[in-house]
Amino acid sequence: KNLNYLFLLTMFLSFFAMYSNTFAQSEPVLYFCERYDDNDGEIGVSDRFTTGYITVMVKCDYELRLNDVVIQYDKYDFRTGKFEYYKKFDFSVQRDMKYIFFERNDDSNLEFNDPGFYRVFLLDEDSKTVASALVEIID
C-alpha cells in the first residue's frame, strides 16, 4: 500500500515538473549584454556589469506586436527595502519583432551611473510590463 502511494506521488510530481517546464519560456525574456554586434550577436551576456552603458535584449517565441515601448530602470533602496523609479528610455520598434536589442543611441543612453541592484522593465505603450529582469551594477 505504501509502495502504491509512493508511486502515485512520484508520478504526480513528475507530471507537475514536466508541465511547469513546458511553459517556462512561453513569455518574453529580458536579459543583458555588453553590446550587440551584427555579425557576432550578443557579446558579454551577464546579469552583472560595471557602471556605464549596457544593451538590453528581449527574446520571444512569437511576434511582440509592439510599437512604442519604454525601458525603465528601478533601483533597489536598501534603506526602505523597495525598488524605486530611477529612469526610463523611449524606443520605437516594429510590430513583427520577436528579438530586439535596445542599445545606446542619440535619444536613449541606457547608462547606469550608480552601483546597485536594478529591476529593468520593457513596458508597452500602455505602461504594462512585457518583460523584466534584475541586474547588478558594480564599480
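**Salt bridges, a charged patch and a loop in a predicted model**

The side chains of R119 and D74 meet in a salt bridge, with N and O 3.6 Å apart. R119 belongs to strand β11 (residues 116-123) and D74 to strand β7, so the pair ties together parts that are 45 residues apart in sequence. The model in which this pair occurs is predicted. The two partners differ in exposure. R119 has 28% relative accessibility and therefore counts as partly exposed. D74 has a relative accessible area of 8% and is buried, because buried means under 20%.

D74 has a further partner. Strand β7 spans residues 68-77 and contains D74. The side chain of D74 also makes a polar contact of 2.9 Å with the side chain of Q72. Thus D74, buried at 8% relative accessible area, takes part in a salt bridge with R119 and in a polar contact with Q72.

The chain as a whole holds one helix and twelve strands. The order of elements from the N terminus is α-β-β-β-β-β-β-β-β-β-β-β-β. The helix thus precedes the strands. The chain has 139 residues, and buried residues make up 32% of them.

Four salt bridges are found in a search of the whole structure. The pair R119 and D74 is described above. Another joins R79 and D77, whose closest N and O atoms are 3.2 Å apart. Here too the partners fall into separate classes of exposure. R79 counts as exposed, at 76% relative accessibility. D77 is buried, with a relative accessible area of 12%. A further salt bridge links the side chains of D37 and R35, at 3.8 Å from N to O. R35 counts as partly exposed, at 43% relative accessibility.

Acidic side chains also gather at the surface. D68, D90, D106, D107, E125 and D126 form a negative surface patch. One of these residues, D107, sits in the loop between β9 (99-102) and β10 (111-112). D107 has 73% relative accessibility and so counts as exposed, the cut-off for exposed being over 50%.

The loop between β9 and β10 also carries S108. S108 has 1% relative accessibility and counts as buried. The neighbours D107 and S108 thus contrast: D107 is exposed, whereas S108 is buried. The side chain of S108 reaches the backbone oxygen of D90 at 3.1 Å. D90 is itself a member of the negative patch, as is D107.

N105 is placed in this loop as well. N105 counts as partly exposed, at 35% relative accessibility. Its side chain makes contacts with the backbone of the loop. The side chain of N105 reaches the backbone nitrogen of D107 at 2.8 Å. The side chain of N105 also reaches the backbone nitrogen of S108, at 2.6 Å. Between N105 and F91, 14 residues apart along the chain, the C-alpha separation is 9.8 Å.

L110 lies in the loop between β9 and β10 too. L110 has a positive phi of about 50 degrees although it is not a glycine. L110 is buried, with a relative accessible area of 0%. The loop thus includes exposed D107, partly exposed N105, and buried S108 and L110.

A positive phi also occurs at R65, again a residue other than glycine, with a value near 55 degrees. R65 lies in the loop between β6 (55-59) and β7. R65 is partly exposed, with a relative accessible area of 49%. By contrast, L110 is buried.

Strand β9 provides a buried position of its own. I100 is found in this strand. I100 is buried, with a relative accessible area of 3%. The C-alpha atoms of I100 and V56 are separated by 8.3 Å, and the two residues are 44 residues apart along the chain.

Technical notes
Residues are numbered from 1 along each chain as its sequence is written. This is a predicted model: local features need pLDDT of at least 70, side-chain atom pairs count only at pLDDT 80 or more; totals for chains, interfaces and linings use all residues. Side-chain values use heavy atoms; hydrogens and water are left out. Patches are made of residues with over 30% relative accessible area and no salt bridge: like charges are joined within 9 Å, nonpolar side chains (Val, Leu, Ile, Met, Phe, Trp, Tyr) within 5 Å. Accessible areas come from the Shrake-Rupley method with a 1.4 Å probe; for residues, only the protein chains shown count as cover. Lys and Arg count as positive and Asp and Glu as negative; His and the chain ends are not counted. The place of a charge is taken as NZ of Lys, CZ of Arg, CG of Asp or CD of Glu. Helices (H or I, at least four residues) and strands (E, at least two) are DSSP runs, numbered from the N terminus. Buried means under 20% relative accessible area, exposed over 50%, partly exposed in between (1.4 Å probe, protein chains only). A polar contact is a pair of N or O atoms within 3.5 Å; within protein, one must be able to donate a hydrogen and the other to accept it, and residues adjacent in sequence count only if both atoms are side-chain atoms.
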